[in-house]
Amino acid sequence: MSNIKKAFENGKAFIAFITCGDPDLETTAAVVRAAAENGADLIELGIPFSDPTAEGPVIQGANLRALNGGITTDKIFDFVKELRRDVTVPMVFMTYANVVFSYDAKRFISTCKNIGIDGLILPDLPFEEKDEFQSLCKENGVDLVSLIAPTSENRIAMIAKEAEGFLYIVSSLGVTGMRSEIKTDLASIVKVVRENTDVPCAIGFGISTPEQAKKMADISDGAIVGSAIIKLLEKHGKDAPKYIGEYVKSMKDAIRTF
């Protein structure tokens with residue numbers, strides 16, 4: 001069984017996104033542990049990239065701060081290896097195809113396996129071009145997580161049929177960032193997903209409040225939050241883990257099914 005599926009075994013999953021190295025890896029480690037201790041069922045670790053096309057200004061800012069601080073993919077690999085000594089929740093990398101290509105895809109994905117990364121999310125990788133990564137991921141037991149956007153329409157069934165780990169449903173058009181309202185007809189997207197796969201699906205992009213998280217988790221199998229967590233990091237810096245722990249607890253409590 002995919003380790004990622006464990007995140008969805010105990011009711012609705014709360015998934016936290018954290019950019020590695022913002023403001024430094026020590027803080028990232030403390031934030032990951034605070035999130036896991038307070039109910040995060042799965043953690044997405046962002047590998048910074050100079051041109052993160054799917055990200056809004058909040059996560060772009062985190063990428064720049066991390067890169068300016070000297071973060072590298074190798075440092076992140078060493079960091080995750082250390083983190084895995086005590087952090088047991090499923091973890092996936094979220095980054096861009098260029099990061100994997102420039103590192104060497106075979107070496108990158110085999111390292112993911114060796115350090116305990118369970119999946120890989122590449123928002124700029126078109127579904128039709130995923131084969132070159134897919135075989136390497138299968139060889140190494142790393143789930144290549146697919147995204148479904150509001151524009152996917154007649155491709156939803158096709159993407160769902162080949163899903164691994166979990167399906168990342170993008171709530172809104174555009175880039176990541178907090179939104180006051182999510183207007184996409186997500187229930188109809190989830191319906192098509194459910195008709196074509198047993199793989200769980202979680203909704204992300206724009207979720208920041210417990211009310212929004214509950215609404216999204218009621219439709220799907222979980223809620224994904226990134227920008228709201230990164231905003232707390234930007235505001236509190238090295239003191240952020242305490243605030244992020246409290247925030248994660250409030251989000252997990254909101255989606256908990258009793």
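In which helix does Asn140 lie? In this predicted model, Asn140 belongs to helix H6, which spans residues 131–140. With a relative accessibility of 14%, Asn140 counts as buried, because the cut-off for that class is under 20%. Once residues up to four places away in sequence are set aside, Asn140 touches Ile109, Ser110 and Lys113.

Another buried polar residue is found at Asp118, in the loop between helix H5 (105–115) and strand E4 (119–121). Its relative accessible area is 12%, and Asp118 is therefore buried. The side chains of Asp118 and Arg84 are joined by a polar contact of 3.1 Å. Beyond its neighbours within four places in sequence, Asp118 is in contact with several residues, including Asn3, Ile4, Pro90, Met91 and Val92, as well as Gly141, Val142 and Asp143.

Helix H9, residues 210–219, offers a good view of how a helix can be divided into faces. Its buried residues are Gln212, Ala213, Met216 and Ala217. Looking down the axis of H9, these residues fall within an arc of 125°, so they line one face of the helix. The general geometry is familiar: an α-helix has 3.6 residues a turn, so residues three or four places apart point the same way. On the other side of H9, Glu211 and Lys215 are exposed. The cover over the buried residues of H9 includes two helices, H8 (186–196) and H11 (240–255), together with strands E8 (201–204) and E9 (222–225).

Strand E9 is itself covered on both faces, with Gly222 and Ile224 buried on one side and Ala223 and Val225 buried on the other. This split follows a general pattern: in a regular strand the side chains alternate between the two faces of the sheet. E9 pairs with strand E1 (residues 13–19) in the parallel sense, over four bridges. Within this pairing, Val225 of E9 is the bridge partner of Ala16.

Strand E7 (residues 167–170) can be read in a similar way. Both of its faces are covered, and the buried residues are Leu167 and Ile169 on one side and Tyr168 and Val170 on the other. Strand E6 (residues 147–148) runs parallel to E7 and is joined to E7 by two bridges. Here Ile148 stands opposite Ile169.

Turning to the aromatic side chains, the count comes to 10 aromatic pairs. In one of them, the rings of Phe49 and Tyr96 have centres 5.5 Å apart and planes at 25°, so the pair is stacked. Phe49 lies in the loop between strand E2 (42–46) and helix H2 (57–68), while Tyr96 lies in the loop between strand E3 (91–94) and helix H4 (97–103), so the pair ties together parts that are 47 residues apart in sequence. Phe49 is buried, with a relative accessible area of 16%, and Tyr96, at 3% relative accessibility, also counts as buried.

The pair of Phe77 and Tyr103 has another geometry. The ring centres of Phe77 and Tyr103 are 5.3 Å apart and the planes stand at 85°, so this pair is edge-to-face. Because Phe77 sits in helix H3 (residues 73–83) and Tyr103 in helix H4, the pair ties together parts that are 26 residues apart in sequence. Both Phe77 and Tyr103 are buried. The ring of Tyr103 also has a charge above it, since the charged end of Arg107 sits over this ring, 4.1 Å from its centre. A further example is Lys242, which lies over the face of Tyr243 at 4.6 Å from the ring centre.

One aromatic cluster is formed by Phe8, Phe166, Tyr168 and Phe205. Tyr168 is one of the buried residues of E7 noted above, and Phe205 is found in the loop between E8 and H9. Phe205 is buried, with a relative accessible area of 7%. Its backbone also deserves a look, as Phe205 has a positive phi of about 80° although it is not a glycine.

Asp104 is another residue other than glycine with a positive phi, here near 100°. Asp104 lies in the loop between H4 and H5 and, at 39% relative accessibility, counts as partly exposed. Finally, the peptide bond from Asp22 to Pro23 is cis, with omega near -5°, and Pro23 is found in the loop between E1 and helix H1 (25–37).

Key:
Residues are numbered from 1 along each chain as its sequence is written. This is a predicted model: local features need pLDDT of at least 70, side-chain atom pairs count only at pLDDT 80 or more; totals for chains, interfaces and linings use all residues. Side-chain values use heavy atoms; hydrogens and water are left out. Buried means under 20% relative accessible area, exposed over 50%, partly exposed in between (1.4 Å probe, protein chains only). The arc is that of the directions from the helix axis to the C-beta atoms. Contact means heavy atoms within 4.5 Å. Two strands pair if DSSP finds at least two bridges between them. Rings of Phe, Tyr and Trp (its six-membered ring) pair if their centres lie within 6.5 Å; planes under 30 degrees apart count as stacked, over 60 as edge-to-face and the rest as tilted. A charge sits over a ring if NZ of Lys or CZ of Arg is within 6 Å of the ring centre and within 35 degrees of the ring normal. A polar contact is a pair of N or O atoms within 3.5 Å; within protein, one must be able to donate a hydrogen and the other to accept it, and residues adjacent in sequence count only if both atoms are side-chain atoms.
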